Amino acid sequence: MTPFWVTYLTMLAFFFGACVGSFLNVCIYRIPRDESVVAPRSHCPKCDAMIAWYDNIPFVSWLALKARCRHCGAPISPRYFLVELLTSVLFLAVWNKYGFYAEKPHYELVPIFWLVISGLILGTFVDFEHMILPDRVTIGGMIAGVALSLLVPSLQNAHSAQISFMRSLIGLAVGFGSLFAVAEVGKIIFGRKRIVLEAPVELSFSAAENDERTMKLGDEDWAWDELFPRASDKWKLECPAAKLGDRTWNNVVVELRESGLNIGGEKFPAEQLAAFTASVNAYRYPREAMGFGDVKLMGAIGAFFGWPAIFFTVLLSSILGSMVGIYLIVAKKYEWQSRIPYGPYIALACVVWILGGREWWLDYWFWLTGAR
Ligand SMILES: [Zn+2]
């Protein structure tokens with residue numbers, strides 16, 4: 001390839017990343033809200049004005065508009081710029097690692113790794129905002145990982161489609177199974193958490209029904225389905241004062257379940273929650289040490305990269321997670337930690353695998369077996 005083409009393709013990788021990042025921003029906003037990612041055209045969530053193509057150019061528009069909507073001046077989240085930049089930089093890094101600049105280029109792997117990185121970015125930012133990993137990323141990733149292993153055996157470092165397919169299935173099973181086991185053990189060890197508050201905070205519920213209902217505890221808003229990871233879960237709230245309609249209680253323990261309230265031994269159905277308010281001193285709530293989304297994500301990573309990647313990703317993500325956890329305890333922000341999702345650590349560890357760990361592992365494997 002001539003230097004012109006190398007420069008051209010390198011720049012193209014970066015700008016293609018920016019365009020994909022721009023699309024990922026749309027997905028990050030719409031997928032958790034169950035909106036279509038193709039139609040309608042993008043509009044401002046505040047004033048509903050349609051966003052023109054010239055206000056939708058990666059990087060440029062966000063900077064030119066000074067992070068505000070052209071029509072109503074509503075602030076546009078820095079996430080839009082960040083996701084575009086992150087996608088561009090990682091697309092470029094994959095191109096540099098596996099494309100022209102590689103000792104042994106693997107052009108066929110470049111689009112596959114771009115796809116994986118797009119999925120990881122999408123999952124990470126949705127997880128930060130909503131504490132969920134979309135099935136389109138996790139289950140979609142498992143299916144795509146197995147299918148692409150069949151089509152491109154070099155993904156699993158195999159010479160035949162059968163071996164590649166087998167390695168992908170084994171990776172899926174190891175990834176899914178190992179994190180499933182961790183999640184089950186975690187439930188037993190960390191399944192409950194008691195928080196004692198410095199000063200009482202107010203508790204109330206929205207008037208909406210069933211799954212649409214939200215709970216407000218102090219400054220925090222909880223979605224109804226986020227409150228009870230399992231159907232048998234309950235919250236135990238220590239309340240200096242509680243009120244339901246005309247009735248009041250003092251120094252009472254209130255239990256909250258999906259079905260409703262138990263106030264000092266007396267039961268009330270969930271339909272009455274809108275009329276309930278209380279101040280809360282301390283509470284004990286069920287939590288998942290790890291969500292099922294993380295289990296499925298690890299299955300997808302195994303399907304793409306085989307079991308060695310699982311070993312690497314589990315190890316690195318738990319080291320990263322512990323380091324942040326220790327920092328939060330030292331910085332006395334410990335309560336915050338209970339709301340940090342684990343998915344982003346897995347995603348980061350997987351990116352490290354793509355950009356370095358995989359090569360390190362293959363070198364080690366070849367050294368061990370003498371094959372090449
Ligand atoms: Zn606007």
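This passage looks at the zinc site and then at one of the pockets in a predicted model.

The zinc ion sits among four cysteines: Cys 44, Cys 47, Cys 69 and Cys 72 each coordinate it through SG, at 2.3 to 2.4 Å. The angles among the four donor atoms run from 103 to 115 degrees, and the site comes out as tetrahedral. Along the chain, the donors follow the spacing C-x2-C-x21-C-x2-C. Two of these cysteines can be told apart by how much of their surface is accessible. Cys 44 has a relative accessible area of 6%, so it counts as buried, the cut-off for that class being under 20%. Cys 47, with a relative accessible area of 31%, is partly exposed, because that class covers values between the buried limit of 20% and the exposed limit of 50%.

Now to the pocket. The second largest pocket holds about 970 Å³ of space. Its lining is made up of 28 residues, and those closest to the pocket centre are His 106, Asn 157, Arg 358, Leu 362 and Phe 366. As for secondary structure, the elements that supply two or more lining residues are α3 (79–98), α9 (307–330) and α11 (343–369). Of the lining of this second largest pocket, α11 provides the largest share, with nine residues. In chemical terms, the lining of the second largest pocket splits into 13 nonpolar, eight charged and seven polar residues.

Definitions and conventions:
Residues numbered from 1 in each chain as written. Predicted model: local features only at pLDDT ≥ 70, side-chain atom pairs only at ≥ 80, totals over all residues. Heavy atoms only, no water. Donors = N, O, S within 2.8 Å, 3.2 Å for Na, K, Ca; no water. Tetrahedral: all angles 85-135°; square planar, octahedral: opposite > 155°, others 65-115°. Buried < 20%, exposed > 50% of the residue type's maximum accessible area, 1.4 Å probe, protein only. 1 Å grid on protein atoms, 1.4 Å probe; cavity = no way out; pocket = protein on both sides within 12 Å on 5 of 7 lines; lining within 4 Å. Points joined across faces, edges and corners; volume = space filled by probe spheres on them. Helix = DSSP H or I, 4+ residues; strand = E, 2+ residues; numbered from the N terminus. Nonpolar A, V, L, I, M, F, W, Y, C, P; charged D, E, K, R; others polar.
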